[in-house]
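Welcome, and please open the structure in your viewer. We will go from stop to stop, selecting as we go.

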Amino acid sequence: MGNMTREDIVQQLEQVRRDAEMALSQASNSEQISAWHSEYLGRKGQLTAILRNLGSLSPEERPQVGKVANDIKVALEAELQARQEAIASADLEAMRRAGSVDVTLPGRPQAPGKLHITTRTLRDIYTIFAEMGFQIYNSPEVETDEYNFQLLNMPPGHPARDMWDTFYTTTPGLVLRTHTSPGQAWAMREYAPEPIRVILPGKVYRYEAVDASHESMFYQVEGLAIGKHVTFSDLKGVLMNFANQMFGQGRHARFRKSYFPFTEPSVEMDIDCVICNGKGCPVCKNTGWLELLGAGMVHPRVLQYGGYDPAGFSGFAFGMGPDRMSLQKYGIDDIRYFFANDARMLERV
Ligand code: DAH
């Protein structure tokens, strides 16, 4: 094909177009369609073959012929699509006639995926504390007696151990952690003597009689801040900010004195009931208040076990139950729904 002129090539292109259109009108299923595509438009197809001969043309002619070829390609592609749609609807019509498709049936809804409520609540908590400079720190779920109790100022035989109904393992000295507080010791021992601002989220385990408000596995989020001048006012400020962001601005809170072996002084924080705004309802058992978390100033002995000199450092800590918060926030009446693996749970919110 040595000396093809511009006219020769254009003629060839037109011919390919006519052939292609003819062939397309006869294609009636997807195999034929794809064979047609490789024959005419594919990399080894007729159109490409012709364009290989542009070398014999002058530099002015080449783009002119190129444009003709491209227009043909675009046109053929459009015709291909129209043909495919026609075939698809003809197929559907054939199926319908044969009775294999009942077009009066309602469609099947496609349920979009949803995050578990616990995941959402945890992420809300992470975001709020991240804005206040708290990093996430993870620690083990299977703990030693030392970390779960001793480093938290509960030596063997300490009566306060009874505050947690503990799952012991068959290995002496190993327990399922009853709270996220042992994470405090892990974080302190990693960072001392640097200042710390962490939250420690995760699963905890208790040997509970399971009912609507008690599960044997649930989540906690622990918080810990240590520095040279960390005060109880810092603790209150951080927790008030958290309550307002989590449950809405203008939240009222009260701090009640309490006891935890690892904090001194210790408090529990209540907020006015998010359901009735403090008026009294079944959720708050008509008190108008919901118990939100335990907190306090880190006990000097706990600081010391963690590697900080209590003469130079102070800290606050808190521990909250995100599942309880979800119950309140979303008005769910039974904590057992959370991990019962029933997908309908996800539809509730
Ligand atoms: N660990 C406690 C519990 O599980 C909660 C708690 C109370 C954590 C006071 C703290 C704290 O860090 O300061 O009941």
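The tour below starts at the ligand, moves out to its pocket and ends in the backbone.

Before the first stop, note that this is a predicted model, where local features need pLDDT of at least 70 and side-chain atom pairs count only at pLDDT 80 or more, while totals for chains, interfaces and linings use all residues. Residues are numbered from 1 along each chain as its sequence is written, and side-chain values use heavy atoms, with hydrogens and water left out.

**Stop 1: the ligand**

Select the ligand and show what surrounds it. You should find 16 residues, the closest being His 179, Ser 181, Arg 206, Gln 220 and Glu 222; a residue is counted as near if one of its heavy atoms lies within 4 Å. By class, this shell holds six nonpolar, eight polar and two charged residues. Here Ala, Val, Leu, Ile, Met, Phe, Trp, Tyr, Cys and Pro count as nonpolar, Asp, Glu, Lys and Arg as charged, and the others, Gly among them, as polar.

Now colour the strands E5 (217-227), E8 (289-298) and E9 (314-320): each supplies at least two residues of the shell. Helices (H or I, at least four residues) and strands (E, at least two) are DSSP runs, numbered from the N terminus.

**Stop 2: contacts with the ligand's oxygen atoms**

Zoom in on Glu 222, where a polar side-chain atom lies 2.5 Å from an oxygen atom of the ligand. Next pick Gln 220: an N or O atom in its side chain is 3.0 Å from a ligand oxygen. At Phe 318 look at the backbone instead, where a polar atom is 3.3 Å from an oxygen of the ligand.

How much of the ligand does the protein bury? Taken alone, the ligand exposes 360 Å², and the protein buries 92% of that; these areas come from the Shrake-Rupley method with a 1.4 Å probe.

**Stop 3: the largest pocket**

Step back a little, and you will see that the ligand sits in the largest pocket, whose volume is about 1400 Å³. Select Ser 213, Glu 291, Leu 292, Arg 324 and Gln 328, which lie nearest the pocket centre among its 49 lining residues. A pocket is an open set of points on a 1 Å grid over the protein atoms alone, where a 1.4 Å probe fits, with protein on both sides within 12 Å along at least five of seven lines; lining residues have an atom within 4 Å of a point. To sit in it, a molecule needs more than half of its atoms within 2 Å of its grid points, and the volume is the space filled by probe spheres set on the points.

Which strand gives the most to this lining? Select E8, which contributes eight residues.

**Stop 4: the backbone**

Select Ala 192 and Pro 193, joined by a cis peptide bond with omega of about 5 degrees. Another cis bond runs from Glu 264 to Pro 265, with omega near 0 degrees, and Pro 265 is in strand E7.

Conventions. A polar contact is a pair of N or O atoms within 3.5 Å; within protein, one must be able to donate a hydrogen and the other to accept it, and residues adjacent in sequence count only if both atoms are side-chain atoms.
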